[in-house]
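Visitor: I should like to learn how to read the features of a protein model. Would you guide me through one example?

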Amino acid sequence: MDWHTILIALHLIGTVLGVGGATFAEIFLLKSLRDGEIDPLESSFLKVTYRVIRIGLALLVLSGFGFLILYRLTGLEERLLSPLLWAKLAIVGIILANAILLQARKIPLWLGSALSLASWYGAMLIIPLRSVFKSISAGFFDVILIYAAFVIITATILFGIRRALGIRH
């Protein structure tokens, strides 16, 4: 097995763990906050889910750096100039910064939650949607604006769900 295949496998596993973990974290969080407090069992589910997300993030970051090194060493430097690559790197950076801010309780839970969910899905979808982005000649800032709109839409949907469930957080 060559390095490219290994990196793809690690990247996919990291993405699956991150997207799945972020999805379940939001589901568990909404379920936990319905009664206004997080009991020990709910807390244990959330802790496991957050650990899965961290493992996914670590795999995504390490394999992402691996791709950057591989592209440089194999003469595929032109891939390093892709605006989609840089947009994905920015989104992964936002995932990382958001995780740190959430852990330090320096960001409101509603915002961190929406950022996490939207960012993981954004990071997952950016490459499969590359043909769409290329067809509209989207550059880095275009992709980031679309991502920002996606974050706002996600936050609005989550706000509506929380309101419907009677959650005030």
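**Reading the features of a predicted model**

Guide: Valine 132 has a relative accessibility of 44%, so this residue counts as partly exposed. Please keep in mind throughout that the model is predicted.

Visitor: Where is valine 132 found?

Guide: Valine 132 belongs to helix α5, which covers residues 130–135.

Visitor: Which residues form a nonpolar patch on the surface together with Val132?

Guide: The patch joins Val132 with Met124, Leu125 and Leu129, and the accessible area of these residues together is about 290 Å².

Visitor: Let us turn to charged side chains. What can happen when charged atoms of opposite sign come close?

Guide: Side chains of opposite charge can then pair. In this structure, the count of salt bridges is 2. In one of them, arginine 162 is paired with glutamate 26, and the closest N and O atoms are 3.0 Å apart. This pair links distant parts of the chain, for arginine 162 is in helix α6 (residues 140–165) and glutamate 26 is in helix α1 (residues 3–33), 136 residues apart.

Visitor: Are arginine 162 and glutamate 26 buried or exposed?

Guide: Both arginine 162 and glutamate 26 are buried.

Visitor: Which side chain meets glutamate 77 in a salt bridge?

Guide: The partner of glutamate 77 is arginine 72, with an N to O distance of 2.8 Å. Glutamate 77 has 29% relative accessibility and therefore counts as partly exposed. Arginine 72, with a relative accessible area of 51%, is exposed; the cut-off for that class is over 50%.

Visitor: I should now like to read a pair of helices. At what angle do helix α3 and helix α4 pack?

Guide: Helix α3 (residues 83–103) and helix α4 (residues 109–125) pack at about 150°, and their axes are 9 Å apart. Because angles over 145 degrees count as roughly antiparallel, α3 and α4 are described as roughly antiparallel to each other. The crossing in which α3 passes α4 is left-handed.

Visitor: How are α1 and α6 arranged, roughly parallel or roughly antiparallel?

Guide: The axes of α1 and α6 cross at roughly 25° and come within 10 Å. Angles under 35 degrees count as roughly parallel, and α1 and α6 are therefore roughly parallel to each other. Their crossing is right-handed. The salt bridge between arginine 162 and glutamate 26 links these two helices, with arginine 162 in α6 and glutamate 26 in α1.

Visitor: Let us consider the backbone in the loops. What is the phi value of arginine 105?

Guide: Phi of arginine 105 is near 55°, a positive value in a residue other than glycine. Arginine 105 is placed in the loop between α3 and α4. With 75% relative accessibility, arginine 105 counts as exposed.

Visitor: What is the phi value of serine 137, and where does serine 137 have its place?

Guide: Serine 137 is likewise a residue other than glycine with a positive phi, near 55°. Serine 137 sits in the loop between α5 and α6. The relative accessible area of serine 137 is 60%, so this residue is exposed.

Visitor: Finally, how is a separation in space set beside one along the chain?

Guide: Glycine 160 offers a case: this residue is in helix α6 and is partly exposed, with a relative accessible area of 34%. Glycine 160 and tyrosine 71 are 89 residues apart along the chain, and 43 Å separates their C-alpha atoms.

Conventions: Residues numbered from 1 in each chain as written. Predicted model: local features only at pLDDT ≥ 70, side-chain atom pairs only at ≥ 80, totals over all residues. Heavy atoms only, no water. Salt bridge = Lys/Arg side-chain N within 4 Å of Asp/Glu carboxyl O. Helix = DSSP H or I, 4+ residues; strand = E, 2+ residues; numbered from the N terminus. Buried < 20%, exposed > 50% of the residue type's maximum accessible area, 1.4 Å probe, protein only. Patch = residues over 30% accessible without salt bridge, like charges linked within 9 Å, V, L, I, M, F, W, Y side chains within 5 Å. Areas by Shrake-Rupley, 256 points an atom, 1.4 Å probe, with all protein chains shown as cover. Axes fitted to C-alpha atoms, helices over the stretch in contact; angles between N-to-C directions. Parallel < 35°, antiparallel > 145°, perpendicular 65-115°, else oblique. Left-handed = near helix turned anticlockwise from the far one by under 90°.
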